[in-house]
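Grab a pencil and work through a few short exercises on the fold shown here. Try each task before you read its solution.

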Amino acid sequence: MAPKGHFKFDDEGFNDRAPATTNINKALEEKKEKQEKQEKQKKAEKFEKFQQQTQPQPHSPQLNGEKSSQQQQQQSQVLNKKRKREDNDRDGQKRHQVKREDNDREGQRRHQGHSGKELNGKSERLNNNGKGRNGSPVNSSLKAKANALLSKRKDLPIWAHQSEIRQSLAKKNVMLLVGETGSGKSTQVPQFLSTEPWCRPQMVKVAKDGKGPIEDLSVGGCIAITQPRRVAAISLARRVAEEMGTPLGNSSPASTVGYSVRFDNSISRNTKIKFLTEGMLLQEMLRDPWLRQYSAVVVDEIHERGVNVDLVAGFLQKMVSGKNEGRGGIPLKVVVMSATADMEGLLKFFDAGFKQPTAAVNGKGQKAIKKDEEETEWSGISSDDNKASKKAYGTPNGTVSKPGPNTDSKSNALVKKHKNGNPEGDESAPFTEFDPVKFGSPHISVCFIEGRQFPVKIFYTPEPVQDFVDAALHSIFQIHYKEPLPGDILVFLTGQDTVENLEQLVREYASGMSPELPKLLVLPLFAALPQAAQQRVFQPTPPKTRKVILATNIAETSVTVSGVRYVIDCGKVKIKQFRNRLGLDSLLVKPLSKSAAIQRKGRAGREAPGQCYRLYTEKDYLQLAQANTPEILRCDISQAILTMKARGIDDIINFPFLDRPPREALEKALLQLYQLGALQDDGAISEVGLKIAKLPLTPSLGRVLLAAANPDMDCLLEAIDIISALSVENVFLNLTSEEKKEEAETARRDISRREGDHLTLLATVQAYAGENSDRKAWSERHFVSHRAMQAVMDVRKQLRAQTTHLPISADDIVAYDSRTYAVTPERAGLILRCFLKGFSHNTARMMPDGSYKTIIGNQTVAIHPSSGLFGKKVEAIMYNEFVFTNKSYARGVSGVQMDWVGEALA
DNA sequence: GAGCACTGC
């Protein structure tokens, strides 16, 4: 029977007083709302008609073998073709489609899969195997394929803007481009620009490092496009290579399109278009602050606002408004692209650089943000920290505490505006203040591209919902009873616990359903789910069945599931927030932002008109924050600060932040870097700091690595093994049943160490690396994640390669890798003391009652149940992470001696 | 007695 009663939407179930507007850009929306509505209706009608005509589709012969015979995918494929909507966004749907074509053509990639997420494993490492195929037959077939793709490209919404984009960038060096999903911006903009006259390499005479002798250097010729995720960088590069008829990356010296992501660099001498992750561009900036190989940098998906993209934006803002001395005066073109970003804020941000080249946004902007730091209840250790910080840097002349003297009210307003967004802006509200013409800048052009999305109808609950799991349950069955097939349901929940609760409830209710109704196939989806279980989501829906996917935020950006027409949005999201005063990460359930709500809603309208059920009231929706809090405002920024220092930014206070971290966060980060020895007394970066900044590690772990390389300690290879394991999540599998846990305990006996998690990880990595016959079987025997261990080995390899300047030789490595004896207790102590060099602040001592209190701050902390030391009592502990969920937990824990801690703190 | 999502020469 259908669940009924206490939960329902307005008007006999559903309330549709808030019709969907799928166009996110409000400026466009205002102008085009009517026109679009009509268009969309037409489109929808057309689609319905088409769907009726094409319902039973024969299987496509060219795509046999692969899962392409799956009805659903094929349907969407045919649909795409018919509608000439070549998908150009970078999510899973397209990825697996593109990838599948690769497989059919070349059959050379392993780890075949259908989700973008799966690509996100280690599989992309091996994608350059089809080398040496640049003979003329292949080239001509590449060209033929590119020609075939051209007509699809011409149908993209962005194609009509081609000359506008070219002309704008010929005149102005900065362009802001808003384009919705499906507009084609990520694939087409680089191609438009790569043939422009300004994109050719030029020889200039310039002093290479700013001071030395004048040299002839080449500047420009290449375009960089940044992406927040590795999969996106790789799949976009592959797609653009196909469209241009060129081999991809390092498969041929003739290749003009490549990519660069961690563990996988695929470029050639002739690369003109290079997709890379934001972090990768930052690393390139450390090596060449002037980015001399590039004529242009395209920052894509800036609205996601990871820490790295904020730093990239700051560096670029300084660069475009500077004199380009290091580039022989040749300007760098910058294109900033986004689906939803606050373009007004971005325009002002870049414009401020031109107006005030040295201090675009200054210190006072903090005020607007500071209220976000709701840390009053955490006042425990703050005063100590503040004192220490002031002592280290001094208020009047320190690099740190200097308040911005030349406060500019405009830029304050910018910070404030940017922070708060459009306060009353609901999706359909006109973005009243923004007018590209009015805000036009002599340096910056703005371009809006319409997207392609089906309309999605929004329903709100009439009353606030107490229990969203219960509400979601009712919504699922309301949809299932009311709406015809096909049309799968995607439910956004907060975490594994809510997913599993709801999963059980839906199964219970479904078992009592009338047998005449279509069946429900309930599928959970969250990051910690084993790979095989995640894959079930991408398998075709069986006949007379409706899929119900219960997902965390993983489905918001990382993974696209086809077939979804109904989205249920619980209105909450679990986010990590760093508490500066405690050095503690909190994982909390919070209301999501409007742009995230819009993103979730959009998942229903990718293949057909859809519906979105919001488990909150319209009033609550209107009160949501406009955008997600940028990561830089809610994470430990010590690594970001160190990157800036290493890049030559000494005056952190006057750095042009897109959103300025509160002073407290800056001080905390600077203090921590100072305590690690990465900064000198005057706040300048030290030798140690420079070395740490070049490592792909947090400053703490980088410090450990340097300590271990010290001849007195001499345990670098051991430290690298542990650090590699610590930088990968969940080496050990999550075990649910008691039996499994006991079984695992026995199986892991040979790799468990009583000293704690660090040495257990060391033993695990050593044993895994020493297993030469079948590592997968070894992992299964030990209840260890093989996927995680592959990632560990990647990091380990990278760290070994990066530390060759440190005192280890190839012989040392051979000797280390061939040894079989266990680490002695003495050596274990030595290793832990190295870790204390980076983690002295993450220590706690046992109290007489058996609880632990942090040595700095005297906070109660419990050992996380995932730790091998859980339930054990030792004199003192050192831990890798301090996390608050239900209470404060230490994760990655080892026992240490108090005198070691004293030695490290001294 | 517990696990949002990404990412790095």
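The exercises below use a predicted model, and they go from the whole chain to single residues.

**Exercise 1. Take stock of chain A: how many helices and strands are there, and what percentage of the residues is buried?**

Start with the secondary structure: chain A holds 32 helices and 23 strands. Next, look at burial: of the 906 residues in chain A, 58% are buried. Then turn to the surface, where chain A exposes about 38,500 Å², with carbon and sulfur atoms supplying 51% of that area. Finish with the contacts: among those in chain A with a separation of 6 or more, 74% link residues 24 or more positions apart.

**Exercise 2. Work out what span helix H29 should have, and check it against its end C-alpha atoms.**

Helix H29 covers residues 786-802, which is 17 residues. The expected span is 1.5 Å times one less than the number of residues. For H29 that comes to 24 Å, and the end C-alpha atoms are 24 Å apart, so the two agree. While you're there, check the cover: 13 of the 17 residues of H29 are buried, so this helix is mostly covered, taking under 20% relative accessible area as buried.

**Exercise 3. Is strand S18 enclosed or open, and which strands pair with it?**

Count first: S18 spans residues 610-614, and 5 of the 5 are buried, so the strand is largely enclosed by the rest of the structure. Now split it by face. In a regular strand, side chains alternate between the two faces of the sheet. In S18, one side has Gly610, Cys612 and Arg614, the other has Gln611 and Tyr613, and all of these are buried.

Now for the partners. Strand S11 (residues 456-460) pairs with S18 in the parallel sense over 5 bridges, and Ile458 sits opposite Cys612 of S18. Strand S15 (residues 564-569) also runs parallel to S18, joined by 4 bridges. There, Tyr566 has Gln611 of S18 as its bridge partner.

**Exercise 4. Place Glu755: buried or exposed, and what does its side chain contact?**

Locate it: Glu755 lies in the loop between helix H26 (738-747) and helix H27 (757-770). Its relative accessibility is 14%, and since buried means under 20%, Glu755 counts as buried. Next, the polar side: the side chains of Glu755 and Arg753 make a polar contact at 2.9 Å. Finally, look beyond four places in sequence: Glu755 is in contact with Pro825, Ala828, Leu832, Leu869, Ser894 and Gly895.

**Exercise 5. Look at the backbone: what is unusual about Pro486, Lys544 and Asn858?**

Begin with the general expectation. Most residues other than glycine have a negative phi, and most peptide bonds are trans.

- The peptide bond from Leu485 to Pro486 is cis, with omega near -5 degrees. Pro486 is in the loop between helix H15 (468-482) and strand S12 (488-492).
- Lys544 isn't a glycine, yet its phi is positive at about 55 degrees. You'll find Lys544 in the loop between helix H17 (531-535) and strand S14 (545-551). With 68% relative accessibility, Lys544 counts as exposed.
- Asn858, also a residue other than glycine, has a positive phi near 55 degrees. Asn858 is in the loop between strand S20 (852-854) and strand S21 (860-863). At 49% relative accessibility, Asn858 counts as partly exposed.

Key:
Residues numbered from 1 in each chain as written. Chains lettered and ligands numbered in written order. Predicted model: local features only at pLDDT ≥ 70, side-chain atom pairs only at ≥ 80, totals over all residues. Heavy atoms only, no water. Helix = DSSP H or I, 4+ residues; strand = E, 2+ residues; numbered from the N terminus. Buried < 20%, exposed > 50% of the residue type's maximum accessible area, 1.4 Å probe, protein only. Contact = heavy atoms within 4.5 Å. Areas by Shrake-Rupley, 256 points an atom, 1.4 Å probe, with all protein chains shown as cover. Pairing = 2+ DSSP bridges. Polar contact = N/O pair within 3.5 Å; in protein donor to acceptor, adjacent residues only side chain to side chain.
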